[in-house]
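Work through the exercises below with the sequence and the model at hand. Try each task before you read its solution.

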Amino acid sequence: MTYYHCSPTAGIKLLEPQSPKLFTKPAGVYMATLLPMALMYGVQNYEYTYGYTPGRQIRFEEYFPNELEVLYKGKSASLYICRPEAVETTRIPNEAVSCRPVPVLEEIRIPDVYEALLEQEQLGALCIRRYHQQSEKMLEWIRKTETEIILEKNLLSNPGAMADYYRTHYPDSWADAKKQQALI
């Protein structure tokens, strides 16, 4: 089986176990068995809005207008082909983790992750649901979920890059969070 690891960092020869910077997960080398899934991790972000179609195809869900382009266009990454000695699967489909260092077999430079993801869509390996294609029910769920994240992470009181991200891309959720906080 092929394992992929994608990173904005080039030149890695040995992937060392680490705790993800933006997520609460144990230390490890996180890899994907699907190329489009790995590509999404070529850009570090506060959230990865992908899931699966009923037919189990990976699908990127735009949670705000032009999300795919905003997050990935013009950003380069390195796609690493790996051969771990041992892996464990995680609760996320097509994700595997190794608690030991993983040697890199090959590095492929991705000059524009956005273009690489669009190519995966054209090849039929990735489904992309654009923001304007979301149902009213889904848009309502996104607004509610992002409001909850803003409140859980206390972003209204903690200025910084993460707060700026949520305030910029989810203005309605930000406003809802402010209203809810005012009621407390």
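Four exercises follow, each with a worked solution.

This is a predicted model: local features need pLDDT of at least 70, side-chain atom pairs count only at pLDDT 80 or more, and totals for chains, interfaces and linings use all residues. Residues are numbered from 1 along each chain as its sequence is written, and side-chain values use heavy atoms, leaving out hydrogens and water.

**Exercise 1. The whole fold**

Task: find how many helices and strands the protein has, and judge its compactness from the radius of gyration.

Solution:
- Start with the elements. The protein has six helices and 10 strands. These are DSSP runs, numbered from the N terminus: helices are H or I with at least four residues, strands are E with at least two.
- Next, take the radius of gyration over C-alpha atoms; the globule rule is 2.2 Å times the number of residues to the power 0.38.
- Compare the two. The radius is 17 Å, close to the 16 Å from the rule for 184 residues, so the protein is as compact as a globular protein of that length.
- Then look at contacts, meaning heavy atoms within 4.5 Å. Among those with a separation of 6 or more, 70% join residues 24 or more positions apart.

**Exercise 2. A loop residue**

Task: place Lys21 among the strands and decide whether Lys21 is buried or exposed.

Solution:
- Locate the residue. Lys21 sits in the loop between strand E2 (14-15) and strand E3 (29-32).
- Apply the cut-offs: buried is under 20% relative accessible area, exposed is over 50%, and partly exposed is in between (1.4 Å probe, protein chains only).
- Lys21 has 69% relative accessibility, so Lys21 is exposed.

**Exercise 3. Cysteines**

Task: find how many disulfides the structure holds, and explain why Cys99 has no such bond.

Solution:
- Recall the chemistry. A disulfide is a covalent bond between the sulfur atoms of two cysteines.
- Set the test: the two sulfur atoms must lie within 2.5 Å.
- Search the whole structure. The count is zero.
- Check Cys99. The closest cysteine sulfur is in Cys82, 15 Å away, which is too far for a bond.
- Add accessibility. Cys99 is exposed at 62%, while Cys127 is partly exposed at 25%.

**Exercise 4. A helix residue**

Task: say which helix holds Ser173, and which residues Ser173 touches.

Solution:
- Ser173 belongs to helix H6 (residues 171-183).
- Its relative accessibility is 3%, so Ser173 counts as buried.
- Leave out residues up to four places away in sequence. Ser173 then touches Ile142, Arg143, Glu146, Thr147 and Ile150.
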